[in-house]
Amino acid sequence: GGELGVYSPTFRQQAEADSTGAFRLGWMDFSTVPGAFGEVLLDVAAVDSGGTDNGGIDATVRELRLEVINVNRPPEFVVARSVELLEARGVFTQSFPHLLNVSGGLREDQEVTFEILSVEDAVGIFLNVTDPYSPSGVRPGVSLGGDRTLDITLVPYANGVGRVTLAARDAFGTAYGGVNGTAPFTVDVVVLPVNDPPTASIHPGIFAVEDAGEVRAPLFATRLSKGPPDEAWQSISFSVTQVPRGMDPYGAADSSLLFAPNPCPPLPP
């Protein structure tokens, strides 16, 4: 009876008998329903072969309480093994609310928590944030939110790959050989580079005298920057558009500006 099922319970007895002729030991074989635990009551009847003639009794019935103890299983979850972000141009925090899709285990309803075991950041993509519990007073900008989110704060203009190692733990413990935690698993955070524009200070005005021919305006562009440090390999070139009529300017490789004013037309007689 009860809600807990067992498969094919059978009672067996040891073949050897003692000096009185009674069997010394009996045992029962049964299989439990996977994932089920609780109690079930069984009526166990011992039946001999003498029969019931002349009012004889050939059976003795006893009630047996069978208890299957709950053994905790580790949490089950589905997790993305990598996430991708674009390079940030300012302090930027990204949350991944559906990254950690968790259940407590087979037919178990219990709270599951996550723990960050380590953060690897050889290229410096995670911004350090203040943490009074850290020996250094700071920690990498990777944390777990209250709704099982992975929150990541990026360093502006940094790109590359970082790695976060986590583990999950439930609330049931390890009695009877149960398992309440998972093996460590990793999530790679991939920050993709985004090209940033070059910057320069352009001289506000350039002058030339009439009929001067080709004129060079040195350092018309100063304070040149190719972008953040990871873009130092790039080169900068200049082009000039929407210029006043009568000029033909073009950029030079050394940040000078070359232009040739059109000759002044002759005056009428």
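# Reviewer's note on a predicted model

1. Glu67 is partly exposed, with a relative accessible area of 44%. The structure under review is a predicted model, and Glu67 is a convenient place to begin, as its side chain meets the side chain of Arg65 in a salt bridge at 3.3 Å, N to O. Arg65 is itself partly exposed, at 49% relative accessibility, and its side chain also meets that of Glu39 in a salt bridge at 2.8 Å, N to O. This second pair links distant parts of the chain, since Arg65 belongs to strand S4 and Glu39 to strand S3, with their positions 26 residues apart in sequence. Glu39 counts as partly exposed as well, because its relative accessible area of 45% falls between the limits of 20% and 50%. Taken together, Glu39, Arg65 and Glu67 form a linked network of salt bridges.

2. The structure holds four salt bridges, and one of them joins the side chains of Asp131 and Arg139, at 3.7 Å from N to O. How do the two partners stand with respect to burial? Asp131 is buried, with a relative accessible area of 14%, whereas Arg139, at 27% relative accessibility, counts as partly exposed.

3. As for the overall architecture, the secondary structure comes to zero helices and 20 strands. Of the contacts in the protein with a separation of 6 or more, 64% are made by residues 24 or more positions apart. Of the 269 residues, 26% count as buried, and the accessible surface comes to about 18000 Å², with 54% of that surface belonging to carbon and sulfur atoms.

4. The interior deserves a point of its own. The largest nonpolar core has 20 residues, and those that touch the most other members are Leu85, Phe126, Ile152, Leu154, Val164, Val189 and Val191. Strands S6 (82-86), S9 (112-120), S13 (150-154), S14 (160-170) and S15 (185-192) are the elements that give two or more residues to this core, and S15 gives the most, with four residues. If residues up to four places away in sequence are set aside, Val164 touches Ile116, Ser118, Phe126, Val142, Phe185, Thr186, Val187 and Val189.

5. Leu86 is placed in strand S6, and a reader may want to check its surroundings on the display. Is Leu86 buried or exposed? Leu86 is exposed, because its relative accessible area is 56% and the limit for that class is over 50%. With residues up to four places away in sequence left out, Leu86 nevertheless touches Leu154, Val191, Leu192 and Val194. The C-alpha atoms of Leu86 and Val194 are 6.7 Å apart in space, although the two residues are 108 positions apart in sequence.

6. The loop between strand S4 (59-68) and strand S5 (76-79) contains Val71, and Asn72 is found in the loop between S4 and S5 as well. Val71 is partly exposed, with a relative accessible area of 30%, and together with Ile69 and Tyr176 it makes a nonpolar surface patch of about 290 Å². Asn72, by contrast, counts as buried, because its relative accessibility of 6% is under 20%. What does the side chain of Asn72 meet in a polar contact? Its partner is the side chain of Asp170, at 2.9 Å. In addition, a polar atom of the Asn72 side chain lies 3.0 Å from the backbone oxygen of Gly173.

7. Two backbone conformations should be inspected with care. Most residues other than glycine have a negative phi. Asn54, which is not a glycine, has a positive phi of about 55 degrees, and Arg223, also not a glycine, has a positive phi of about 55 degrees. Asn54 lies in the loop between strand S3 (38-47) and S4, whereas Arg223 lies in strand S18, residues 221-225. Asn54 is exposed, with a relative accessible area of 83%, and Arg223 likewise counts as exposed, at 71% relative accessibility.

How values were computed
Residues numbered from 1 in each chain as written. Predicted model: local features only at pLDDT ≥ 70, side-chain atom pairs only at ≥ 80, totals over all residues. Heavy atoms only, no water. Patch = residues over 30% accessible without salt bridge, like charges linked within 9 Å, V, L, I, M, F, W, Y side chains within 5 Å. Areas by Shrake-Rupley, 256 points an atom, 1.4 Å probe, with all protein chains shown as cover. Buried < 20%, exposed > 50% of the residue type's maximum accessible area, 1.4 Å probe, protein only. Contact = heavy atoms within 4.5 Å. Polar contact = N/O pair within 3.5 Å; in protein donor to acceptor, adjacent residues only side chain to side chain. Core = buried A, V, L, I, M, F, W, Y, C linked by side-chain atoms within 4.5 Å.
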